[in-house]
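Colleague: I have a chain here that I would like to go through with you, with a close look at a single part. Could you take your time over it and then set it in the context of the rest?

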Amino acid sequence: MEDDVLALRAADSDGMAPITGTITLEIGDESVPALLTASLTPAPFESLLPIFRAITDELTTRGIAREAAAGRSLSCRAGCGACCRQAVPLAAAEARAIAALVAAMPDPRRTQLEARFAAARAALAAAGLTTVAADIAALDRTERDDYGRRYFRLGLACPFLEAESCAIHPDRPLSCREYLVTSPPQACADPSDASIRTVPLAGRASAAVTARGKAVEGHGTVLMVDALAWAAAHPAPVPEHPGIDLALTTIAELPGRRADAA
Ligand code: SF4
């Protein structure tokens, strides 16, 4: 794995003037060489999401391998959507990306998904859980746990959950990619179950993207079920930062990680 070069490439955006360079990600005790391609011109944060999905997939692959070496195998399987009833936090850029993904779908699929989002928000409102839904990451630990428990008790499936599988698997949010368990699947029926054992990761791109997004545009997390409504109410800001700068500063915020220009 050490000899592989991780390809990190931003999505093409209007007027993108790409530059490619090598960087080294320090992941746990390992150095991972990567080829980073992003724009020299200002780029929307969402165009960088492919980079952070790739980093997350690398981190989870390594985390799963460490767990396997310790005799613990992954319990997560297609067809098990227990965790898809949790309050899923998205970075602002991810919320816009989810909204754009749905908006680009042909009818009747788009209408069907929009109806699911609306129904989920109505259920949250009926349960009195919308007041803090704007930024769950801003809550303290006790408030967040309480909110998460109350949310989960509603049994509200993510709008993208179909036959207990993710209908947008390649485009699923960073926090969904990061949540993996080696404990028995039955334990996930209660997210506060102390026996749940998640796969430890050397860094969390979801936290880095949220923190950097908040720094550059002022928004923290958005709940998955609020993504469409939130994106409609918050037009995308005019990009101010070159994509390459935004990518490197976000990579530098991966908890405990470091990216050095090679
Ligand atoms: S986006 Fe997919 S993986 Fe994430 S909560 Fe929804 S259905 Fe589950």
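Is Cys-166 buried, partly exposed or exposed, and what is its relative accessibility?

Modeller: Happy to. Please keep in mind that this is a predicted model. Cys-166 counts as partly exposed, because its relative accessibility is 30%, and the buried class ends at 20% while the exposed class starts over 50%. The residue is found in strand β6. Leaving aside neighbours within four places in sequence, Cys-166 is in contact with Phe-160 and Arg-172. For a sense of distance, take Ala-103: Cys-166 and Ala-103 are 63 residues apart in sequence, and their C-alpha atoms are 18 Å apart in space.

Just before that strand comes a stretch that deserves your attention. Ala-163 is found in the loop between β5 (161–162) and β6 (165–166), and Glu-164 has its place in that loop between β5 and β6 too. Each has a positive phi although neither is glycine: the angle is near 50 degrees for Ala-163 and near 60 degrees for Glu-164. Their exposure can be set side by side. Ala-163 counts as exposed, because its relative accessibility is 76%, whereas Glu-164, at 31%, counts as partly exposed.

Glu-164 also leads us to another part of the chain, through Arg-85. Arg-85 lies in the loop between α1 (49–69) and β4 (89–91), and Glu-164 is one of the residues in contact with it. Beyond its neighbours within four places in sequence, Arg-85 is also in contact with Tyr-151, Phe-152, Gly-155, Leu-156, Ala-157 and Leu-161. The pair Arg-85 and Gly-155 shows how sequence and space can part ways: they are 70 residues apart in sequence, but 5.9 Å apart from C-alpha to C-alpha. Arg-85 is partly exposed, with a relative accessible area of 21%; that puts it in the partly exposed class because only values under 20% count as buried.

Another arginine makes a useful companion. Arg-144 has its place in helix α4, residues 141–153, and at 33% relative accessibility it counts as partly exposed. Not counting neighbours within four places in sequence, Arg-144 is in contact with Ile-136, Ala-137 and Leu-139. Arg-144 and Ala-87 are 57 residues apart in sequence, with 9.9 Å between their C-alpha atoms.

Since you began with a cysteine, let me turn to disulfides. The count comes to 0, where a disulfide would need a pair of cysteine sulfur atoms within 2.5 Å. Cys-188 illustrates the point: the closest cysteine sulfur belongs to Cys-80 and is 6.1 Å from the sulfur of Cys-188, so the two are too far apart for a bond. Cys-188 counts as buried because its relative accessibility is 8%, whereas Cys-176 is partly exposed, with a relative accessible area of 28%.

For a contrast with the surface around your strand, look at Leu-254. This leucine lies in the loop between α8 (243–251) and β8 (259–261), and with a relative accessible area of 3% it is buried. Not counting residues up to four places away in sequence, Leu-254 touches Ile-55, Arg-204, Ala-205 and Ala-208. Leu-254 and Ala-211 are 43 residues apart in sequence and 9.6 Å apart in space, taken between C-alpha atoms.

One backbone detail is also good to know about. The peptide bond from Asp-107 to Pro-108 is cis, with omega near 10 degrees. Pro-108 is found in the loop between α2 (92–103) and α3 (109–126).

Finally, the whole chain. It has 8 helices and 8 strands, and its C-alpha atoms fill a box of roughly 50 × 45 × 35 Å along the principal axes. A compact globule with 262 residues would have a radius of gyration near 18 Å, and the chain, at 18 Å, agrees with that. Buried residues make up 42% of the 262 residues. Of the contacts with a separation of 6 or more, 76% are between residues 24 or more positions apart. The accessible surface comes to about 12,300 Å², with 56% belonging to carbon and sulfur atoms. As for charge, there are 25 positive and 32 negative side chains, and the centres of the two sets lie 5 Å apart.

Technical notes. Residues numbered from 1 in each chain as written. Predicted model: local features only at pLDDT ≥ 70, side-chain atom pairs only at ≥ 80, totals over all residues. Heavy atoms only, no water. Helix = DSSP H or I, 4+ residues; strand = E, 2+ residues; numbered from the N terminus. Rg over C-alpha atoms; globule rule 2.2 N^0.38 Å. Buried < 20%, exposed > 50% of the residue type's maximum accessible area, 1.4 Å probe, protein only. Contact = heavy atoms within 4.5 Å. Areas by Shrake-Rupley, 256 points an atom, 1.4 Å probe, with all protein chains shown as cover. Lys, Arg positive; Asp, Glu negative; His and termini not counted. Charge placed at Lys NZ, Arg CZ, Asp CG, Glu CD.
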